[in-house]
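The questions below walk through one predicted model. Each answer reasons towards the value or name that was asked for.

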Amino acid sequence: MKHQLSQLLARAVDQLRSDGTLPADLEVDIAVERTRDRQHGDYASNLALVLAKTARTNPRELAHKLMQALPPSETVARVEIAGPGFINFFLAASAWHRAVMQALQQGKHYGRSDLGRQRPLQVEFVSANPTGPLHVGHGRGAAYGATVADLLEAVGYRVHREYYVNDAGRQMDILATSIYLRYLELCGEDLSFPANGYQGDYVWDIGATLHRKYGDALRQPLTELLRGVPADEAQGGDKEKHIDGLIQRCRQLLGEERYREVFDLGLESILDNIRRDLEEFGVHYDEWFSERSLVDDGSVERAIERLKASGHTYVKDGALWFRSTDYGDEKDRVLVRDNGQTTYFSSDIAYHMNKLERGYERVIDIWGADHHGYVPRVKAALQALGDDADRLDVLLVQFAILYRGGKRLQMSTRSGEFVTLRELRREVGNDAARFFYVMRKCEQHMDFDLDLAKSRSNENPVYYIQYAHARVASVMRQMEEKGLQWDRDHGERQLHLLEEAHEDALMVSISRYPEVVEAAAVHHEPHLLVHYLRDLANEFHTYYNAHQFLVDDQALRDARLNLIQAARQVIANGLELLGVSAPDSM
RNA sequence: GCCCCGGUAGCUCAGUUGGAUAGAGCAACGGCCUUCUAAGCCGUGGGUCAGGGGUUCAAAUCCUCUCCGGGGCGCCA
């Protein structure tokens, strides 16, 4: 609809250009918007205001000329000039009827489009280190990423959903060591657990699995384990050096092969847990991409070599540095440490190089806001590699702060004090969790009120929308009980009977849905859809209270049933994109 | 110190590339169930858009300074 109107305006501009009213070389960017106030018509354009200056005329006069140059159209009932020079379009009722028919005919496809023309696009999200279960902070990235991916797919992109598994770094070694230490405790060793180890109960569980599998076969005396290991923090030492020492001793005592088994047991158990958790949350992936694979297949080394060849690296203090300041980063970054180990950053460069090599038109990364400092350096690396850094979009998701009983919950992964995503889902349910997480703009800090999310009351917005859906289903059940039938085709021919203000408002909203999906997808803003659905539900509830649907007059009844079924379809489609269920009864 | 995000009604937040009289939910107050589920509807009150300056036909929106809140600034991941 919007596109139609801007095309009409474009033709009007063409005509004014050819008759000399407007300069022939004038560049125009035509914007048509929904009006906020129905008094101003259904759609409005500020075109005359924008062009007035360069055309050196007054805006209202130009608006009049544009209006007169508009080609006739069946969907436009009339056009008015208002205010400083807005061109307001009032649409014919048939335009709204068409939207109702489309919603019913297209069913679950209503609102989808081919804007993206099936171009390939990648969305990488969550990608939490597999060192523990997902917590509520990851939940927001999961819900947001899944919804953005679904939205982009809905507007015609071929979306590849990916989780980057950090299975190669030091954090994983700390996890493996933590597991082994818990195992030793289960063997009966009495040790003091390192300050920097992973303290969560799940580490015990994995240690127990290890013990069931091997018995005491992997047991080593404590004195052996601690030989040459620097003191821990509690003993006045450095906790980082202590844990690194422990890692080294574990590897030596277990041997690379056995150590790798412990390591992989931890990785697999936790990754399985994460996979299951996300799957239950309705968050699906096409690929779980292993960081280790980048090391193994030489990609990391290749990335480093390419950077070296680009001339933007140097050696200092025994380390290899990338001069990211050449591309606007705050400081240079280390690629290879003085001990010969590559940094996380190196893997990340290799990973993004790999993504672009796979040929995606756009690559979208969804990160926690605490990683915002990494954006410039990753983009710098891509530029140095000669890639187009603009193909990478990094969306930063702010933290969600949890409240329970009006009190803020404090969380820390390392200490094991956090609310897991699974606990949250059990407490408030998947629907409320998915909904609440995307209710706010991603760059907004979010207060997540657990009590509100799980309340089964009118305070809870997710129920409000679901209830509208359930009410339509209920009306249809009532209809059958009364022995009546709904004739959809007949209803389509009777839509002109829908003359109530409530019906008009509902039809307009239904017609807006495809525009909302498009805007939410293009701007990566699922909350637009959330607000839209709330408004639509409100219009439905208002209508429901004001008018009877199952009236005796069959023509009017069928027309009304068409309308509310169209509304039901839109709610179902919208909720599906949000990963929220649309129940038939509540 | 530097960088990122935010500051809009009592609370939580919307507000499209700058547009017409700044909106919604919750909370508060007053109404509506003999009628398709009251998890609903209708009505009332509530604002220095943090503050100053600037840009223009037009600023909550863009620029600049100040104040306040959160986060980030490792050869960690």
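**Helix geometry, RNA surface and buried sites**

Q: How far apart are the end C-alpha atoms of H17, and which span should its 21 residues have at 1.5 Å a residue?
A: At 1.5 Å a residue, the 21 residues of H17 should span 30 Å. The expected span is 1.5 Å times one less than the number of residues. That expectation agrees with the distance between the end C-alpha atoms of the helix in this predicted model, which is 31 Å.

Q: Which residue just after H17 takes a positive phi?
A: Helix H17 covers residues 461–481 and supplies at least two residues of the surface near RNA strand B. Just after this helix, a phi of about 75° is taken by Gly483.

Q: Which element gives the most to the surface near RNA strand B?
A: Seven stretches can be named here, since helices H2, H6, H17 and H20 and strands E4, E9 and E15 each supply at least two residues of the surface near RNA strand B. In all, 64 residues surround the strand, and the closest are Glu33, Arg337, Tyr374, Tyr467 and Ser474. With 9 residues, the element that gives the most is H20.

Q: What percentage of the atoms of RNA strand B within 4 Å of the protein belong to sugar or phosphate?
A: By class, the protein surface near the strand has 21 nonpolar, 24 polar and 19 charged residues. On the RNA side, the atoms of strand B within 4 Å of the protein are divided between bases on the one hand and sugar or phosphate on the other, and the share of sugar or phosphate is 62%.

Q: Which residue has a side-chain N or O atom 2.7 Å from a base nitrogen of RNA strand B?
A: Two other pairs involve phosphate oxygens of the strand: a backbone N or O atom of Tyr344 lies 3.5 Å from one, and a polar side-chain atom of Thr542 lies 3.3 Å from one. The base nitrogen, by contrast, is 2.7 Å from an N or O atom in the side chain of His372.

Q: Is Leu121 buried or exposed?
A: Leu121 is found in strand E5, residues 120–124, and its contacts beyond four places in sequence include Leu152, Tyr157, Val159 and Ile364. The C-alpha atoms of Leu121 and Thr542 are 40 Å apart in space, with their positions 421 residues apart in sequence. Because its relative accessible area is 3%, Leu121 counts as buried.

Q: What is the relative accessibility of Asp277?
A: Asp277 lies in helix H9, residues 239–280. Not counting residues up to four places away in sequence, Asp277 touches Leu134, Leu421, Arg422 and Arg425. Asp277 counts as buried because its relative accessibility is 2%.

Q: Which of Gln118 and Asp317 is exposed, and which is partly exposed?
A: Most residues other than glycine have a negative phi. Gln118, in the loop between H4 and E5, nevertheless has a phi near 60°, while Asp317, in the loop between E8 and E9, has a phi of about 55°. With a relative accessible area of 42%, the partly exposed residue is Gln118, whereas at 64% the exposed one is Asp317.

Q: How far apart are the centres of domain 1 and domain 2?
A: The domain assignment of chain A gives domain 1 as 2–91 and domain 2 as 461–578. There is contact between them, with 5 residues of domain 1 meeting 6 residues of domain 2. Taken over C-alpha atoms, the separation of their centres is 32 Å.

Notes:
Residues numbered from 1 in each chain as written. Chains lettered and ligands numbered in written order. Predicted model: local features only at pLDDT ≥ 70, side-chain atom pairs only at ≥ 80, totals over all residues. Heavy atoms only, no water. Near = heavy atom within 4 Å. Polar contact = N/O pair within 3.5 Å; in protein donor to acceptor, adjacent residues only side chain to side chain. Helix = DSSP H or I, 4+ residues; strand = E, 2+ residues; numbered from the N terminus. Nonpolar A, V, L, I, M, F, W, Y, C, P; charged D, E, K, R; others polar. Buried < 20%, exposed > 50% of the residue type's maximum accessible area, 1.4 Å probe, protein only. Contact = heavy atoms within 4.5 Å. Domains from an automatic or database assignment.
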